[in-house]
Amino acid sequence: MASVGVISSAFHFHPCAHILSRGMNNMGCRSLHVATRCAAKEYYDVVVVGGGAGGITMSARMKRKLGAGKVAVIDPSEKHYYQPMWTLVGGGAKQLANSERSMASVIPSGVKWIKSEVKGFDPDKNSIRIGDDKEISYKYLIIALGLKLQYEKIKGLPEGFNYPKIGSNYSVKTVEKTWKALQDFKKGNAIFTFPNTPVKCAGAPQKIMYLSEEYLRKTGKRKDAHIIFNTSLGAIFGVKKYADALLEIIKERNIELNFKHNLIEVRADKNEAVFENLDKPGETKVLEYEMLHVTPPMGPPDVLINSAVADAGGWVDVNKETLQHKKYPNVFGIGDCTNLPTSKTAAAIAAQSAVLDKTISLVMSNKNSSAKYDGYTSCPLVTGYSKVILAEFDYNAQPLETFPIDQSKERRSMYYMKADMMPFLYWNLLLK
């Protein structure tokens, strides 16, 4: 759920040259009789699976490379969301409607939108199965399916969201409930969670906590609030420079921080949250809440699990430098659905798209790829209604910063970049 690097990636990558030629249709329809049979199996030079940030960005790049009619995007959704904004929606600083566009409006002109779910992959035959058992075949495949929210892995959810006092900034259905719970807060525990799985934008679970703390201070309720951050991790953030700064803020604002505490159950009718202690198997703790923000467990989309394109964990198995599939040279992955060992953010996608563009160009012209993705990602850590720490780093969890300033300090300028400049760049630059 983060969003820098749309500009930053320009500092790390250069646009690639246009390729010389596109490949021949490899389906071999030679006679009229065979051609009619082949027509039932739609064919595109490039098929992009997924209409999120990575999918739309790559479809725009591929269409520019190959021309109209040769690229297709498969996605069943009517809406496309700029999810990095949801932290601010949950904190009451932005409206949900500002994060939304119709899918039809973001798909590049000249790119075919196949409004369906993907049901299966057959990379040995260069084809995909979609709804109604229809097949789509391709010369090149880009998988950009994102990840799956797994609220159901917490006992009592998602049905617990029918009760007040509980929200989650990770879903369009529950983000406004976060803001409602914050406004309705009277006195007691405000609890914020981080699950025991990979997540998109690892900073988001604590961003809403800092906003909530400031809101309670501004409304005179802070003295009656006990703020708790229960994380399944053993550190507040994966990069030491930013972790140190965040720990100072947590101390200053008198927030209780518990490591290795994982949410396993919500008893919404009683306003109770149950946590397991990952360091002491079998030990659980029940906490009453006046407000609860849930970051759900997350995992790969169902269609990827046990598929030919996934690793043992269900993530698309790609080379971490080129984003090319390890087994199928005409298959590529981008964004949250891949097994790239970096944070799953929109900023990472911005950086990855430049490298993937270059990789595919070279593969199309039978050259080895020299482009290398260094794991660049970015997380604007919102620490208040006008403050952000801009974390930018690489695969080795080393800072990879854009600006000649100490980015571990809270800055008003970075807040405006996050809140106003980034959404503009997302809709008008990255997706196009």
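A salt bridge is a side-chain nitrogen of Lys or Arg within 4 Å of a carboxyl oxygen of Asp or Glu. Lys218 and Glu214 make a good first example, as their closest N and O atoms are 2.9 Å apart. Keep in mind as you explore that this is a predicted model. Let's look at one sheet, the helix that packs on it, and some of the 24 salt bridges found in the whole structure.

**The sheet and its helix**

- Five strands, in the order E10-E17-E11-E12-E13, make up an open sheet with parallel pairing.
- At the edges you will find strand E10 (166–167) and strand E13 (256–258); each has a single partner strand, so one side of each lacks a neighbour in the sheet.
- Helix H7 (residues 204–218) packs on this sheet and touches E11, E12 and strand E17 (291–293).
- The direction of helix H7 makes about 175 degrees with that of E12.
- Strand E11 (residues 188–194) and strand E12 (residues 225–231) run parallel and are joined by seven bridges.
- To see this pairing up close, find Ile191, which stands opposite Ile228 in E12.

**A salt bridge within helix H7**

- Lys218 and Glu214 are four residues apart in helix H7, which means that about one helical turn separates them.
- Are these two partners buried or exposed? Lys218 counts as exposed at 61% relative accessibility, whereas Glu214 is buried, with a relative accessible area of 9%.

**A salt bridge from helix H7 to a loop**

- Glu213 and Arg253 meet through their side chains in a salt bridge of 3.7 Å, N to O.
- Glu213 belongs to helix H7 and Arg253 to the loop between helix H8 (240–252) and E13, so this pair ties together parts 40 residues apart in sequence.
- Glu213 is buried, with a relative accessible area of 3%, and Arg253 also counts as buried, at 8% relative accessibility.
- Salt bridges with shared partners join Glu213, Arg253, Arg217, Arg222 and Glu410 into one network.

**A salt bridge between distant parts of the chain**

- The side chains of Glu42 and Lys134 form a salt bridge of 2.5 Å, N to O.
- Where do these two residues sit? Glu42 is in strand E1 (residues 42–49), and Lys134 is in the loop between strand E7 (127–130) and strand E8 (135–143).
- The two residues are 92 residues apart, so their salt bridge links distant parts of the chain.
- Glu42 counts as buried at 17% relative accessibility, because buried means under 20%.
- Lys134, with a relative accessible area of 34%, is partly exposed.

Methods: Residues are numbered from 1 along each chain as its sequence is written. This is a predicted model: local features need pLDDT of at least 70, side-chain atom pairs count only at pLDDT 80 or more; totals for chains, interfaces and linings use all residues. Side-chain values use heavy atoms; hydrogens and water are left out. Two strands pair if DSSP finds at least two bridges between them. Contact means heavy atoms within 4.5 Å. Axes are lines fitted to C-alpha atoms, for helices over the stretch in contact, and angles run from 0 to 180 degrees between N-to-C directions. Buried means under 20% relative accessible area, exposed over 50%, partly exposed in between (1.4 Å probe, protein chains only).
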